[in-house]
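User: Please take a close look at one part of this model and describe step by step how it fits in with its surroundings. A careful, connected explanation would help, since I am new to reading structures.

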Amino acid sequence: MAGKIRNTISESELQQDLQKYRTRAIALGATDAQIITTDMVMIDERVRAKCMYPKCEHFGTSANCPPYSMEPEQTRILVDRFRYAIFYRIKVPTELLAGKRPPEALASQAQFSKTRNQITATLESEAFYDGYYLAVGFSGGSCKGSFCSEKDCSALEPGKGCRFPLLARSSMEAVGMDVYFMATAVDWDIYPLGRAPSDAPHGTLAGIVFIY
Ligand code: SF4
């Protein structure tokens, strides 16, 4: 049955629902999922600067990427209006995220990225229909790379919207959230992976859904 919209919710009911979304994230493919309070969400202008220096190939190509995605200051205001979020991660083989990657690695990484977007979209949607109608989620990477690599972003064209409104979201990093810092705050081991090869034990793809 559809969740009735309410003005208030008891703490016990809220905690029950948060546990349900945490379990759901794992059932959908997350390696770990945590219920966090929003004071654990670290927002830092330096994160967004990393989209520009060195400039990401997706910068300015999608409505969900800088400079079109929310500025860190807007993100702070948004996050302040929530109390709880589900923060999750998917562990992936290091070679899918680090160094020069062959086409097979890129294809495999794309599959993991789609799972991440699906988790964010599903939690956001289920929370919405449970009555948490302001729930909002963020993924990682760029939706341009995941969904529209062969096409221009339709959401940047006047009068058109996103081709994948139920899947594509801004990444946590595009709106200034410091995923590395937040991962360490919940005791996840996470490693900086970039263009250099790495012997890190694994890579991490993360996402978050603000519930209430
Ligand atoms: S999924 Fe495609 S159309 Fe939607 S915002 Fe991303 S690039 Fe644009």
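Analyst:
**From a buried glycine to the sheet**

G176 lies in the loop between α5 (143-147) and α6, where helices (H or I, at least four residues) and strands (E, at least two) are DSSP runs, numbered from the N terminus. G176 counts as buried because it has 26 C-beta neighbours inside 10 Å; a residue is buried if 20 or more other C-beta atoms lie within 10 Å of its own, exposed if 12 or fewer, and partly exposed in between, with C-beta atoms placed from the backbone. In sequence G176 and M70 are 106 residues apart, yet their C-alpha atoms are 8.3 Å apart in space.

What you see is a predicted model, in which local features need pLDDT of at least 70 and side-chain atom pairs count only at pLDDT 80 or more, while totals for chains, interfaces and linings use all residues. Residues are numbered from 1 along each chain as its sequence is written.

The part to follow most closely is the sheet, an open one of 4 strands in the order β1-β2-β4-β3, with antiparallel pairing; two strands pair if DSSP finds at least two bridges between them. At its edges stand β1 and β3 (136-138), each of which pairs on one side only.

Starting from the β1 edge, strand β1 (residues 32-37) and β2 run antiparallel to each other and are joined over 6 bridges. Within this pairing, Q34 stands opposite F87 in β2, and I35 stands opposite I86 in β2. Q34, which belongs to strand β1, is worth a pause, because with 21 other C-beta atoms within 10 Å it is buried. Q34 also has A85 at a C-alpha to C-alpha distance of 8.3 Å, although 51 residues separate Q34 and A85 in sequence.

Moving one strand further along, we reach β2 itself (residues 84-92), where 7 of the 9 residues are buried, so strand β2 is largely enclosed by the rest of the structure. On its other pairing, β2 is joined to strand β4 (residues 203-210) in the antiparallel sense over 8 bridges. Here R89 stands opposite A206 in β4, while the bridge partner of F87 in β4 is I208. F87 can therefore serve as a landmark when you trace the sheet by eye: Q34 in β1 stands opposite F87, and I208 is its bridge partner in β4.

The next strand, β4, is mostly covered, since 8 of its 8 residues are buried. Its residues can be divided by the way they point: G203, L205, G207 and V209 point one way from β4, whereas T204, A206, I208 and F210 point the other way, and all of them are buried. Two of the residues met along the way, A206 and I208, are in the second of these sets; A206 is the residue opposite R89.

Beyond β4 comes the edge strand β3, which pairs with β4 in the antiparallel sense over 3 bridges. G137 stands opposite V209 in β4, and V209 is one of the residues that point the same way from β4 as G203, L205 and G207.

Having followed the strands, you can turn to the loops, where a few backbone details deserve attention. Most residues other than glycine have a negative phi, and most peptide bonds are trans. The loop between α6 (179-185) and β4 holds D187, whose phi is near 70 degrees, a positive value in a residue other than glycine. With 8 C-beta neighbours inside 10 Å, D187 counts as exposed, whereas G176 counts as buried.

Two cis peptide bonds complete the picture. One runs from Y53 to P54, with omega near -5 degrees, and P54 lies in the loop between α2 (45-52) and α3 (72-80). The other runs from P66 to P67, with omega near 5 degrees, and P67 also has its place in the loop between α2 and α3.
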